[in-house]
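Please open the entry in the viewer and keep the selection panel at hand. The stops below proceed from the ligand outward to the strands.

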Amino acid sequence: MKAIKNQNLINQNSLFSKEIINNSNKISVTNPATDEIIGEIPYFDEQQIKKSLDTTVNNMDVWSSFLPKERQRILNSWYYKVIENIDDLAAIVTCEQGKTLQDAKAEIIYGANFILWFASEAIRINGDITNGIKPNQKIITLYEPVGPVAAITPWNFPNAMIARKLAPALAAGCSVILKPSELTPFSAFALVNLAIESGVPEGVINIVTGDPEKIGQVICADPRIRKLTFTGSTRVGRILYQRSAANFKKVSLELGGNAPMIVFDDINIDKVIDDIINAKIRNAGQACTSINRLFVHNSISKEFIDKLTAKFSNLKVGDGMDHKTDIGPLINQQAVSKIIYLLNDAVQHGGKIICGGNLIEQNKLFFSPTIVTGANLDSAIFHEEIFGPVINICVFHDDEELIKMANDCNYGLASYFYTNNHQRIWNLVKSLNYGMVGVNESLVSNEIGAFAGRKDSGIGIEGSKLGIYEFLNTKYILMS
Ligand code: ADP
């Protein structure tokens, strides 16, 4: 973390009371590229978690009483502070998460765009008035902040996932208790410090860190928290959904994905290969929207696979701080083990590893860019998230067979295809059972589009003009 010029960004003083800093046990945070300890964060005990919940609840009215235009101004100021500090914020992401600096900067801009977007939404929370069912009656619909919010965020986009959740929550007028991943907490401190500098009163956003299971339990059990917004695994999403049922919290769950990418034979092969590599190396493939299954039309498959392999196998894997690096380390040893298990299983099911397939150095987290072809459709690699720099290719022959294969999974987050045939485009848009479809695009997420999954990919919407409603309650008034 020496690379960070403004060390105040990772200061924890404004976020925890001194009592918590002095009296809590500590969790060490390491850099996945070097295995060095980069800092420590508190391990909140149950009393301390409850105290943070009290602070969040007590500050709900403080924040909701700010006028929408004041919230807009503060969020706008937060956006500009994030952009001013982009180099430091990106260095924090790279140090604690591993992705390349260039990738980290793209993450900061992506997240900041949600702040800018929701700053404008803060002043557009409008209800409506219609005539009633009797003469002189009026029906009025109002939107009110849902109440104190809990946000639980993952390690793969440690900055942007927080911006994407906190911006709409704050725009709507809600206070927030935030549990970032303990693997990547410093991005959370930095963002919240900047929010406070921008004018969000202390106590409106409260960070807690410690035992995720315990924190999840205490948050879900508290009926005063009216909304849970979570990004992470389907396994944990399911637990939190069940726990939130105890007091019927409103929930948004952005969970895993298993994105198909389909390449037809009427495209520019070189351009599509570049798009696929661009999307796949982002965060070393550790993204829920990352391409998990690549379906290539039979008539171009040989040329396509040869060219893709030549480019992909040449990418440089290493420390994200090194400007020559294309792909950073995986997050931890479990991530490595998961990929090795998927590759072994694919080989046992007829698959062939045509490049990569191993760690570049034993006991480190740098995994070589890998391509698998020919694995049986029953193999785990077609059904589980890979979360690594691995491309799994299946050659297809006709559209009907393809659509069945593409929809054959429990997830329903992102999907992508490349073709110039209009009839085919609309047929696929209709047939793909996914919340997001990229047509001749390999990256779909931005603040304007509705980020939404279905099936095991979760419920709720982030971003777009719809995202703010996840943090609002409706109130209906009948008046005569
Ligand atoms: P990933 O597999 O991407 O790490 P997780 O779902 O394990 O995804 O983690 C996402 C977030 O959920 C992290 O902040 C993590 O600490 C938190 N988390 C993990 N287990 C639980 C749990 N049982 N209850 C609440 N939060 C949890």
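Select the ligand first: in this predicted model, the space taken by the ligand is the largest pocket. Next, display the shell of residues around the ligand, which numbers 16. Thr153, Trp155, Lys179, Pro212 and Ser233 are the members that come nearest. Colouring the shell by residue class gives 7 nonpolar, 6 polar and 3 charged residues.

Now inspect individual contacts. Select Trp155: one of its polar side-chain atoms lies 2.8 Å from an oxygen atom of the ligand. Move on to Lys179, where a polar side-chain atom is placed 2.9 Å from an oxygen atom of the ligand. At Pro212, show the backbone, since the atom to find there is a backbone N or O atom, 3.4 Å from a nitrogen atom of the ligand. A surface calculation completes this stop: the ligand taken alone exposes 560 Å², and the protein buries 81% of that.

Which elements supply at least two residues each to the shell around the ligand? Select helix 9 (212–221), strand 8 (227–231) and helix 10 (234–244) to see them. Helix 9 provides the largest share of the shell, with 3 residues.

Keep strand 8 selected and add its sheet. The sheet is open, has 6 strands in the order 7-6-5-8-9-20, and shows mixed pairing. To find its edges, select strand 7 (205–207) and strand 20 (458–459), each of which pairs on one side only.

For the last stop, select strand 5 (residues 149–152) together with strand 8. The two run parallel and are joined by 4 bridges. Which residue of strand 8 is the bridge partner of Ile152? Label Phe230 in strand 8: this residue is the partner of Ile152. In general, the strands of a sheet pair through backbone hydrogen bonds, either parallel or antiparallel.

How values were computed: Residues numbered from 1 in each chain as written. Predicted model: local features only at pLDDT ≥ 70, side-chain atom pairs only at ≥ 80, totals over all residues. Heavy atoms only, no water. Near = heavy atom within 4 Å. Polar contact = N/O pair within 3.5 Å; in protein donor to acceptor, adjacent residues only side chain to side chain. Areas by Shrake-Rupley, 256 points an atom, 1.4 Å probe, with all protein chains shown as cover. 1 Å grid on protein atoms, 1.4 Å probe; cavity = no way out; pocket = protein on both sides within 12 Å on 5 of 7 lines; lining within 4 Å. Sits in = over half its atoms within 2 Å of the grid points. Nonpolar A, V, L, I, M, F, W, Y, C, P; charged D, E, K, R; others polar. Pairing = 2+ DSSP bridges.
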